[in-house]
Amino acid sequence: MYRKQVRRRRAVLTLLIIGSFLLLTITYGQSSGGVQRGVSTIFSPLQSVADRALKPARDTIGWFDKTFDARGENSRLRAELVTVRRQAVAGQEALSENVQLRKLVALDRGPALAESVYEPVTGRVIARSPTVWTSTVTVDVGSGDGVKVDDPVISGDGLVGLVASTEGGSAQVTLITDHASAVSAKVVPPGVQGAIRPEVGDPEDLILDFIDSTKDVHRGQAVVTSGWRAEGLASLFPPGLPVGEVTSAPIVEQEASQQVHLRPYADIANLDLVQVLTGGSRG
Amino acid sequence: MIVTPKIFARLAAIAILAVLLQLSFFSRVEFLHTSADILPVVVVSLGLLGGSLTGAVAGFSLGFLVDCLLVAPLGGSSLVLLGAGYLAGLFRERFDIHSALVPPLICMALTLFAELGFAVMQVMLGIDAPVSILIVRDMALKSIYAFFLAWPIYFGLRRVLRPALVEEPKIMRRRQPTVLGRT
């Protein structure tokens, strides 16, 4: 009797393991299967309800966590404020100069302002992946709201990610901190171009890779999407979306590895309301 | 564990509730820059209560549900969680749980096992980005959180599944034997 039980147990275990490998083999590399879409559609209203019901509890714990962090951040922010004030004054000057120059050369709205063709759809984050290996969130707007795969997603602070798959009332967003993410970007003001890649396990740190090592990049400089367009191909992100700020740019690393580190502007860990930029051109 | 239709319904409700809580609450709450992962804790608790078969099936089902909801490649989480559930069940079948400290410690150890499993799975599937050393801190903190979360989860699940448990030790107050001639 006991032997029979053991045999049955082993058989079920073997079946489950084989089933897992089979599922992995069949579904790996595909964006979304019918089963996943169905389950996701059924559960998205439940997730929405759970998200709203649990928000007060989440906020309470978040408050404690932020209070711990705030003590250390205070001095850093004071130092940043001085730098930003200087930059704001310089920016005002640049703006007035820009207006004058535009009048002079009669510049039209060029491709740099192409983001105006996008129609933002506001959504709320209702779920988040549990491991740091994959960085995805689910938002409560989907194909029914005009959201399509590869639509850029932003928060009030900056770029957040890209829509990976859509269902009727929800969409999966691959965040810029996901290992599969890559964003073409440039450092402003020098205009050094590169590709932003994440560092898995550290959502506060992004790497601007493949930069021109002959141009100097400094700590505190802003990084925005470059939004390139060439030979019928175009970046999935509109140009000029703020992504982050350079936090470390050692000359040695710039010259040897052609990369600098940056911190994303968007609070990736505590996303709540986001905007999906729908209706943009796709290459 | 004796799985009647009523108990099966309870197990299904536990699985759905655990996944919803994880995705909508625990994944989105960070403490010391790390969020807790209750799914290994739930699977290990079910394994400790119901045995290796229950643990493995629970792990597979929870993993499948999570992968479905996150539109991730199916099977990855299932494989890792079924391993954790099976090992927990195996422990329960081989050893007696004498102390209330044992389930949280096992949850902690098997959560670390599951986190390492997720890492191995991800490495096998391919990572297109450099990996930070902070991942080690994340794994360690997740295991510590699992230790503390295991208390309410394990004892809560034991209460919910009490009618189905085969060898549920009854907590009885020991009374001093009455001896004649004494009060």
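Strand S9 (residues 222-225) and strand S12 (residues 242-248) of chain A pair in the antiparallel sense over 3 bridges. Helices and strands are DSSP runs, helices being H or I with at least four residues and strands E with at least two, numbered from the N terminus. Two strands pair if DSSP finds at least two bridges between them. The model is predicted: local features need pLDDT of at least 70, side-chain atom pairs count only at pLDDT 80 or more, and totals for chains, interfaces and linings use all residues. Residues are numbered from 1 along each chain as its sequence is written, while chains are lettered from A and ligands numbered from 1 in the order in which they are written.

**The barrel of chain A**

The pairing of S9 and S12 belongs to a closed barrel of 6 strands in chain A, which runs S6-S7-S8-S13-S12-S9 with antiparallel pairing. On average, neighbouring strands of this sheet are turned by 45° against each other, direction ignored; the axes behind this angle are lines fitted to C-alpha atoms. Three of the strand pairs are set out below.

| Strand pair of chain A | Bridges | A bridge partner pair |
|---|---|---|
| S9 and S12 | 3 bridges | Val224(A) and Pro242(A) |
| S8 and S13 | 3 bridges | Ile207(A) and His261(A) |
| S12 and S13 | 4 bridges | Ser248(A) and His261(A) |

His261(A) in S13(A) thus appears in two rows: it is the bridge partner of Ile207(A), and Ser248(A) stands opposite His261(A) as well.

**Other parts of chain A**

The domain assignment, which is automatic or taken from a database, gives chain A domain 1 (53-107) and domain 2 (117-283). The C-alpha centres of these two domains lie 18 Å apart.

Asp150(A) is placed in the loop between strand S2 (136-139) and strand S3 (152-154). Its phi is positive, about 80°, although Asp150(A) is not a glycine. A residue is buried if 20 or more other C-beta atoms, placed from the backbone, lie within 10 Å of its own, exposed if 12 or fewer, and partly exposed in between. Asp150(A) is partly exposed, because 13 other C-beta atoms lie within 10 Å.

Helix H1 (residues 2-27) of chain A has 26 residues and reaches 37 Å from its first C-alpha to its last, close to the 38 Å expected at 1.5 Å a residue. The expected span is 1.5 Å times one less than the number of residues. In H1(A), Leu13(A), Leu16(A), Ser20(A), Leu23(A) and Thr27(A) are buried. An α-helix has 3.6 residues a turn, so residues three or four places apart point the same way. The buried residues of H1(A) pack against H3 and H4 of chain B.

**Chain B and its contact with chain A**

Chain B has 6 helices and 2 strands, and from the N terminus on its elements run α-β-β-α-α-α-α-α. Its C-alpha trace spans about 80 × 35 × 30 Å along the principal axes. Of the 183 residues of chain B, 52% count as buried.

Two residues are in contact if their C-beta atoms, placed from the backbone, lie within 7 Å. By this rule, 42 residues of chain B are in contact with 50 residues of chain A. H3(B) gives the most to the side of chain B that touches chain A, with 7 residues. By class, this side has 28 nonpolar, 9 polar and 5 charged residues. Ala, Val, Leu, Ile, Met, Phe, Trp, Tyr, Cys and Pro count as nonpolar, Asp, Glu, Lys and Arg as charged, and the others, Gly among them, as polar.

Helix H3(B) is mostly covered, with 19 of its 19 residues buried. At 1.5 Å a residue, these 19 residues should span 27 Å, and the end C-alpha atoms of H3(B) are indeed 27 Å apart. Val71(B) follows H3(B) and is found in the loop between H3 and H4 of chain B. Although Val71(B) is not a glycine, its phi is positive, about 50°. Val71(B) is buried, because 26 other C-beta atoms lie within 10 Å.

Val43(B) has its place in helix H2 (residues 38-50) of chain B. Val43(B) is buried, with 35 other C-beta atoms within 10 Å. Leaving aside residues up to four places away in sequence, Val43(B) touches Gly55(B), Ala58(B), Gly59(B), Leu62(B), Leu81(B), Ala84(B) and Gly85(B). Val43(B) and Leu157(B) are 114 residues apart in sequence and 11 Å apart in space, C-alpha to C-alpha.

Notes. Axes are lines fitted to C-alpha atoms, for helices over the stretch in contact, and angles run from 0 to 180 degrees between N-to-C directions.
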